[in-house]
Each structure stands twice: as structure tokens, then as C-alpha cells.
2 protein chains.
Amino acid sequence: MSFEQLKAIPYFQDLDARALEGIQAHAFEVRLQKGHMLFTEGEPAQAMYVVRFGKVKIFKLSPDGREQVLRIAEAGDCFNEVPIFDGGPNPANAQAVESASLWGIRREGMRRLVEEHPAIAIGFLKAFAGKLRYFTRKVEDLSFRSVTSRVAKHLLEMADDDGKGGLRLKRQSTQQELASVVGTAREMVGRAFKALEKEGAITFDRHGVVIVSRAALIRML
Amino acid sequence: MSFEQLKAIPYFQDLDARALEGIQAHAFEVRLQKGHMLFTEGEPAQAMYVVRFGKVKIFKLSPDGREQVLRIAEAGDCFNEVPIFDGGPNPANAQAVESASLWGIRREGMRRLVEEHPAIAIGFLKAFAGKLRYFTRKVEDLSFRSVTSRVAKHLLEMADDDGKGGLRLKRQSTQQELASVVGTAREMVGRAFKALEKEGAITFDRHGVVIVSRAALIRML
DNA sequence: TCATTCGTGAGACTAAAGTCACAGACGTAT
DNA sequence: ATACGTCTGTGACTTTAGTCTCACGAATGA
């Protein structure tokens, strides 16, 4: 775990050498295979995590087995800070959707880091603010938008902003995965895709969804 | 704005005198009449706010005029910290649901406060963690629960925990208000009340809802 | 190469939620 | 006391969403 590796994390890129040394002193590495659970909701929290590489989904499960994905954490993202700062149990489940390497920081380590390095505390305040904004939008989406609108919005967010009009997606997912993210059943995602295709917003190639017209997608919001 | 008044705010009760003086130096008072808007979504943020007394609802509005209440801020609560820390615009609207007195702190004042008083930064980290946990639950409710279940959950949360079984609610609201909180139409709240009454969970007196059986409410979750 | 698993399509059907319009009761203001 | 506004009930109806089941093609693993 070098300074360069830490500085690759947006949260840490502005920290001075002493703060980075502090993180090095408190962080431990975790390797996760695809499909493996990192932690489950309701358990006492062990640590918060920073993703070095790979992807971890943070999700809630309903009593009848449905999943609502809250977030997919990728390289550079943090997750599970909530129980480290508020002292409660894990608020959700975490599972690797692809093989991942993470750094973990336990509560006591984090307590020392934010006390000894105010810049770290301020960095986390900004990160939390960003996450709260994201959640207000997620509540808005679930409350106001139809399934097709939520799917269209997700595709717009996933558009690969390559400066050429973004016809491809940054990443494809299965219809079941997309259903978990936008909060619906996989059949409904298929129907939404059909409706969006009919409106000329998307089409499909052998890799998956291709955006034909952002404007048409925006009209479906 | 005395130390006693500030210390009445849970966020500030553990601060030392110098931190409290810092807040006094940066806070300004705002008075709001019932029904008046404090700010609207998308505008540049003026300040974050602490409620001295009264109630302010924080809400999103849909294009067709529906409201999703994100939170009702009461005495001792903070709101609108998100844009102060992440630099973006107001994430939602705020309106007094009863006459209120608030303290506002602008971005620059907050920046100085968290830099000069790490205890303030740490207090806000804890507060943000609590809000994030609350929002993960709200997403879970909207995604997994039926309207009746969301109404039952709300009534359980509003039960006046007086140590006698909590038959009364801490506060009554109209069916329209409750609909905005749980994310539905007012007619659906009426139907949910009817279903809960039929199950022996609630009844009505001249003030409004009375919880007859918490256990029965819990069974309706 | 073959067997197994996964992902998807499809359509019939059920369930849940929302809309609409109007009337009556209650609350508020004059 | 009266007029006006707000809240609520109601039920028919529409819309949206979810469930279920099965078949087929693609992907994966042995």
C-alpha cells in the first residue's frame, strides 16, 4: 500500500504525507472473490472499506428475497462509513460483483484518523454530502418515476461520455441486475427496453444495449 | 443566541466554549411564518439551518405537483448541510409547516468552523451517518413495502413512547400530509387506515388516530 | 463436445396503486 | 351566524406493476 496507491483514491488525493501515513498505519487489505459476501445487514460493523479495484454492490434484501441495490462501489469509492461514524450495525449487505481488492479501516482507526487529521474529516464530510444528495434523488425516483422512466434515467447515467454522443454504455448488466438497481422485476426491465426501442431511444447489438438517441431517452423520463 | 440556547441543540451540546463562540459568530437568525418557503430545489444554497423551534418540511416536488417529504425538521435538527459541504445547489425544497425560528450558517462560516473546531466536523460526520442510515431505510420502504405497510411503520414511529404502551401519536397529521411522507395518494392513506382499523391495530378519537395494538400494527408491516 | 446453468422473452393473469368526481363534515375567517 | 376553504370518504374505473410458467438460446464448466 504505497502513497501512489492511496493518492489514486479521490478521497485521499489532497492529503499530506502525514495523513497518508496515518491511513497506511490503520488500513488492512481485503481480497474478495466474485459472488462472496463481505458483510450482512444488521451485523456489528467491522470496518469501512475503500475499493482498490473490482466492484462491490451494497444492497438491501426484502423478506421474500428481492434485492434493492443502494450503490455499486468501484475503484476509488468508499462504503460502509455509516456504522463507523454512527456506531450502529451494518445498514446493508455487501457482495463482490466481480473480484475485488479493498482496504478496510476499523472504527478505532478511523476515530484516530479524523481526530489527528482534520483534512480527512473534511474529506468525509464532502463525501457524505454527495451520498446524501444521491439518496434524495433515489427516493425521488422511486416515489415519482415509472419503471420505464427509471430505466431510461439509468441508461443516461451509464452512457459512456466519450464526447462523441455516448452511444455505448460504460458497463452492461443483466436485466436482473438492472432490475435490482432501479427497484423492479426483471420482466419489467425487458418491457421497458421494448418500449424504449419502440420510441427509437435504444437498440441492441451483441454486447447489449446501445443508445440510439439521448434526446429520445430524455423524452422518456 | 446564548450558550444555553446552542447547547439545547444535540449537535452542539458537547462543544466547548470556544467552539460555541465560533458558532455564535457565524450564525444568523431566520424567522418563518407557517406556509412560507425557505428555499427551493436547484437554487444556489444560501446556508444550512438549525431549528430552534417550529417545524420545517424538506421535500421534493414532481413535475405534476406531487410531493415527497424527505424529512420534517424540528427543534434541535439541522438541514440543508448537503450543499454547504458538497458545493452544489439546494437538493430539495424547504417550507415551514408551522411557525419556526432557525439559525442559518453560510458555507464560508461553516468552512471556518469545521477547520477551526474539529469537534464540530466530527459532530457533523455522526449526524450525516445517521441521515444516510435513515435514507437507506426510506429507499427500502419505497422499494419493498406496500402502502399499508408504510403507513403502519409511520404510525409505529410516531407512537408516543410514554412507557404506557404508546396509544397516542406524538403528532397528528392530515391524510394528505401523511401521504406525502410515505409516498402515496391521500385516498390510499384513508384505505390503509380502514384496513388497519379492521385488523384492530388502530381506532380514531376526536383528535385523530389512536393506536389500539402495537402488535397488530407490527403484524401489518 | 456435452451437460448444466443462466438469461431472456412472452403473454396471461393477478394485485396494487392511483385517478376522478362529488358530496358532506369540519375548521376558519369575517 | 354565515360563507368559504379544507379534509375526508367513496367507489368505479384505469393504469401500472408484478407474478408465473415455460421454452429457447447463450454462456459456462467439466
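Q: What makes up the area buried between chain A and chain B?
A: In this predicted model, the two chains bury about 3,500 Å² between them, and carbon and sulfur atoms give 74% of that area. A:Leu125, A:Arg133 and A:Phe144 supply 21% of what chain A buries against chain B, more than any other three residues. The contact takes 40 residues from chain A and 40 residues from chain B.

Q: Why is the pair B:Glu140 and A:Lys60 called a salt bridge?
A: The closest N and O atoms of B:Glu140 and A:Lys60 are 3.4 Å apart. The cut-off between a Lys nitrogen and a Glu carboxyl oxygen is 4 Å, so the pair qualifies. The rule finds four salt bridges across this interface.

Q: Which element gives the most to the side of chain A that touches chain B?
A: α5(A) does, with 21 residues. By class, that side has 20 nonpolar, eight polar and twelve charged residues.

Q: Why does B:Gln175 count as being in polar contact with DNA strand D?
A: An N or O atom in the side chain of B:Gln175 is 2.7 Å from a phosphate oxygen of the strand. The limit is 3.5 Å, so this is a polar contact.

Q: What makes the links from A:Arg191 and B:Arg191 to DNA strand D contacts with bases?
A: The partner atoms are base atoms. A polar side-chain atom of A:Arg191 lies 2.6 Å from a base oxygen. For B:Arg191, a side-chain N or O atom is 3.1 Å from a base nitrogen.

Q: Which element supplies the largest share of the surface near DNA strand D?
A: α8(B) supplies it, with five residues. The surface divides into three nonpolar, six polar and seven charged residues.

Key:
Residues are numbered from 1 along each chain as its sequence is written. Chains are lettered from A and ligands numbered from 1 in the order in which they are written. This is a predicted model: local features need pLDDT of at least 70, side-chain atom pairs count only at pLDDT 80 or more; totals for chains, interfaces and linings use all residues. Side-chain values use heavy atoms; hydrogens and water are left out. A polar contact is a pair of N or O atoms within 3.5 Å; within protein, one must be able to donate a hydrogen and the other to accept it, and residues adjacent in sequence count only if both atoms are side-chain atoms. Helices (H or I, at least four residues) and strands (E, at least two) are DSSP runs, numbered from the N terminus. Ala, Val, Leu, Ile, Met, Phe, Trp, Tyr, Cys and Pro count as nonpolar, Asp, Glu, Lys and Arg as charged, and the others, Gly among them, as polar. Contact means heavy atoms within 4.5 Å. Buried area is the accessible area (1.4 Å probe) that two parts lose on being put together, summed over both. A salt bridge is a side-chain nitrogen of Lys or Arg within 4 Å of a carboxyl oxygen of Asp or Glu.
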